[in-house]
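The exercises below are meant to be worked through with the sequence and the structure side by side. Try each task before reading its solution.

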Amino acid sequence: MVTEPRCKSILVVEDDDDIRSALVDLLESEGYVAQSAVNGKDALERLESTEKPCLVLLDMMMPIMNGREFLDVVMKDSNLAPIPVLIVSAVADKANTEGSVGFFEKAD
């Protein structure tokens with residue numbers, strides 16, 4: 001018997017419009033409620049004003065507030081720290097993704 005996951009909300013934080021749109025479309029086609037943000041600052045504002053997602057997909061290289069800066073803020077906030085963050089970035093490696101649950105490296 002297949003059970004549906006309880007939480008279906010995912011926040012996609014990606015500055016590239018095409019990649020962000022493709023990820024949101026893919027997630028929604030799989031039954032998830034996908035929100036999006038264009039940088040870390042935008043993502044923090046969304047996390048403060050909406051229901052918390054069960055997962056954040058995070059790019060590392062973004063203007064205004066990059067993924068590392070976003071992770072540093074999230075790790076220090078007791079309300080946000082429990083939200084798992086998965087890095088999806090061309091510059092992801094073990095060293096710069098500390099605080100995340102893991103990473104996928106985007107191809108250049």
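**Exercise 1: Charges and surface**

Count the positive and negative side chains of the protein chain, and find how far apart the centres of the two sets lie.

Solution. In this predicted model, the protein chain carries 10 positive and 21 negative side chains, and the centres of these two sets lie 6 Å apart. Turning to the surface as a whole, the accessible area of the protein chain comes to about 6500 Å², and carbon and sulfur atoms make up 54% of that area.

**Exercise 2: The overall fold**

Determine which pattern of helices and strands the protein chain follows along the sequence.

Solution. Begin with the count, which gives three helices and five strands. Reading along the sequence then yields the order β-α-β-α-β-α-β-β. The radius of gyration is 13 Å, close to the 13 Å that the globule rule gives for 108 residues, so the protein chain is as compact as a globular protein of that length. Finally, 38% of the 108 residues count as buried, and residues 24 or more positions apart account for 56% of the contacts with a separation of 6 or more.

**Exercise 3: One side of a helix**

Identify which residues of helix α3 are buried, and explain why they lie on the same side of α3.

Solution. Helix α3 covers residues 67-76, where G67, F70, L71 and V74 are buried, that is, under 20% relative accessible area. These residues cover an arc of only 100° around the axis, which puts them on the same side of α3. An α-helix has 3.6 residues a turn, so residues three or four places apart point the same way. As a last step, look for the partners: the buried residues of α3 pack against α2 (40-49), β3 (55-58) and β4 (85-89).

Notes: Residues numbered from 1 in each chain as written. Predicted model: local features only at pLDDT ≥ 70, side-chain atom pairs only at ≥ 80, totals over all residues. Heavy atoms only, no water. Helix = DSSP H or I, 4+ residues; strand = E, 2+ residues; numbered from the N terminus. Rg over C-alpha atoms; globule rule 2.2 N^0.38 Å. Buried < 20%, exposed > 50% of the residue type's maximum accessible area, 1.4 Å probe, protein only. Contact = heavy atoms within 4.5 Å. Areas by Shrake-Rupley, 256 points an atom, 1.4 Å probe, with all protein chains shown as cover. Lys, Arg positive; Asp, Glu negative; His and termini not counted. Charge placed at Lys NZ, Arg CZ, Asp CG, Glu CD. Arc of directions from axis to C-beta.
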